[in-house]
Structure formats: structure tokens, C-alpha cells
Amino acid sequence: MKLGLAALLCLSSLVWLSECTPPTCYSRALDLSKEIMMLLDKIHTSHRTKTCAEILPAIFLDVHNSCITTKLRDFLYVVLNHPNQYCREKPRMVLLKRKIQNLYSIITRICYRDLVFFTDDCQAIDTGNTSPYYAEDRLQLLQEDR
């Protein structure tokens, strides 16, 4: 009985310690982009902030896209310079501004050389539709030639 209790205590302490590891730059950027997307969804659907969201451009964050820095900078400019003062002071809009500023500083300063970009499809950040990779396009062209 004591051995089982000691094993359970040891196992639970290992699980607790494994959750205490600090996030990497990549994991923090990925988590923050997901948080921003969820917050944007709430802003667009909430009756309190729906009018504030009308001015915001559509954005689909992908930390693997090299265009994310310019798109985040432009989106942050729109949020900071919202034409309605009332919207700028809404708690969700203030939270959105802070999260975007954090993600932008993580990508451009803190993790500048740590992130790896797999694509440079700027249209995908605006629309959410990713274009196929060059290898897939090339394979399709080769198959059509046959």
C-alpha cells in the first residue's frame, strides 16, 4: 500500500514538473496566434463589439508564413488608429491590441532567427486559403503533360 502511494506521488510530481517547462519561441508564437484568432472571433460575434469589428480587415494568422510580420504591423496600425474612440477603449479591443503587440515583438525581436517560415503566400493571410507548394504544382504539370 505504501509502495503504491509512493509511486502515485512520484508519478504525479513528474506530471506537474513536465507542465512547468517554459514555452519556446515557436510554441509561444503559435499559442498567441491561436489566442488572437479566438479573440477576433469573439469580437466579430459579440453584440457589444460587432460594430467595432466592421473596420478590422480579415486576417488568418499563420506563424509559418513570412508575410505575417507585415500583415501584423498593418493590422496593429488599424487597431491602434480605430476611428471610434469608444471602440479603442473596449476591453476586448485593448486585449486584442496587447496580444498583437506581443506577437509582433516575439516574431520580430525575441525570436527573430528562431522561427522558420515555410511559405510566403501573403494572400493566404488575407483569405485563409493556402496555395499548394511549388512541388505539388510541378507534379501536377508533369502529370498533365503525359
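Lys99 is buried in this predicted model, with a relative accessible area of 16%, and that value falls under the 20% that marks the boundary of the buried class. Even so, the side chain of Lys99 has a charged partner, for Lys99 forms a salt bridge with Glu35 in which the closest N and O atoms are 2.6 Å apart. This pair links distant parts of the chain, since Lys99 belongs to helix α6, which covers residues 91-110, while Glu35 belongs to helix α2, which covers residues 25-45, and the two positions lie 64 residues apart in the numbering.

Glu35 takes part in a second pairing as well, a salt bridge with Arg28 whose closest N and O atoms are 3.7 Å apart. Glu35 itself is partly exposed, with a relative accessible area of 26%, and Arg28 is likewise placed in the partly exposed class, at 30%. Taken together, Arg28, Glu35 and Lys99 are linked in a network of salt bridges, in which Glu35 is bonded to Arg28 and also to Lys99.

How many salt bridges does the structure hold? The count comes to three, and one of them joins the side chains of Asp74 and Arg73, with a distance of 3.7 Å from N to O. Both residues of this pair are partly exposed, Asp74 having a relative accessibility of 41% and Arg73 a relative accessible area of 43%.

Helix α2 also contains Cys25, a residue that counts as partly exposed at 21% relative accessibility; the upper limit for a buried residue is 20%, so Cys25 does not qualify as buried. Which residues does Cys25 touch once those up to four places away in sequence are not counted? They are Ile106, Ile110, Cys111 and Asp114. For Asp114, the separation along the chain can be set beside the separation in space: Cys25 and Asp114 are 89 residues apart in sequence, yet their C-alpha atoms are separated by 7.1 Å.

Another place to look is the loop between α3 (50-53) and α4 (68-80), where Ile55 is found. With a relative accessibility of 43%, Ile55 counts as partly exposed. When its neighbours within four places in sequence are left aside, Ile55 is in contact with Val78, His82 and Pro83. A related distance can be given for Val79, which lies 24 residues from Ile55 along the chain and whose C-alpha atom is separated from that of Ile55 by 8.9 Å.

These local details can now be placed within the whole chain. The secondary structure of the protein consists of eight helices and zero strands, so that, when it is read along the sequence, the pattern is α-α-α-α-α-α-α-α. Among contacts with a separation of 6 or more, 69% are between residues 24 or more positions apart, and the contact of Cys25 with Asp114, at 89 residues along the chain, is one that spans such a separation. Of the 146 residues of the protein, 28% count as buried, and Lys99 is one of the residues in that class. The accessible surface of the protein comes to about 10500 Å², and carbon and sulfur atoms account for 58% of this area.

Notes: Residues are numbered from 1 along each chain as its sequence is written. This is a predicted model: local features need pLDDT of at least 70, side-chain atom pairs count only at pLDDT 80 or more; totals for chains, interfaces and linings use all residues. Side-chain values use heavy atoms; hydrogens and water are left out. A salt bridge is a side-chain nitrogen of Lys or Arg within 4 Å of a carboxyl oxygen of Asp or Glu. Buried means under 20% relative accessible area, exposed over 50%, partly exposed in between (1.4 Å probe, protein chains only). Helices (H or I, at least four residues) and strands (E, at least two) are DSSP runs, numbered from the N terminus. Contact means heavy atoms within 4.5 Å. Accessible areas come from the Shrake-Rupley method with a 1.4 Å probe; for residues, only the protein chains shown count as cover.
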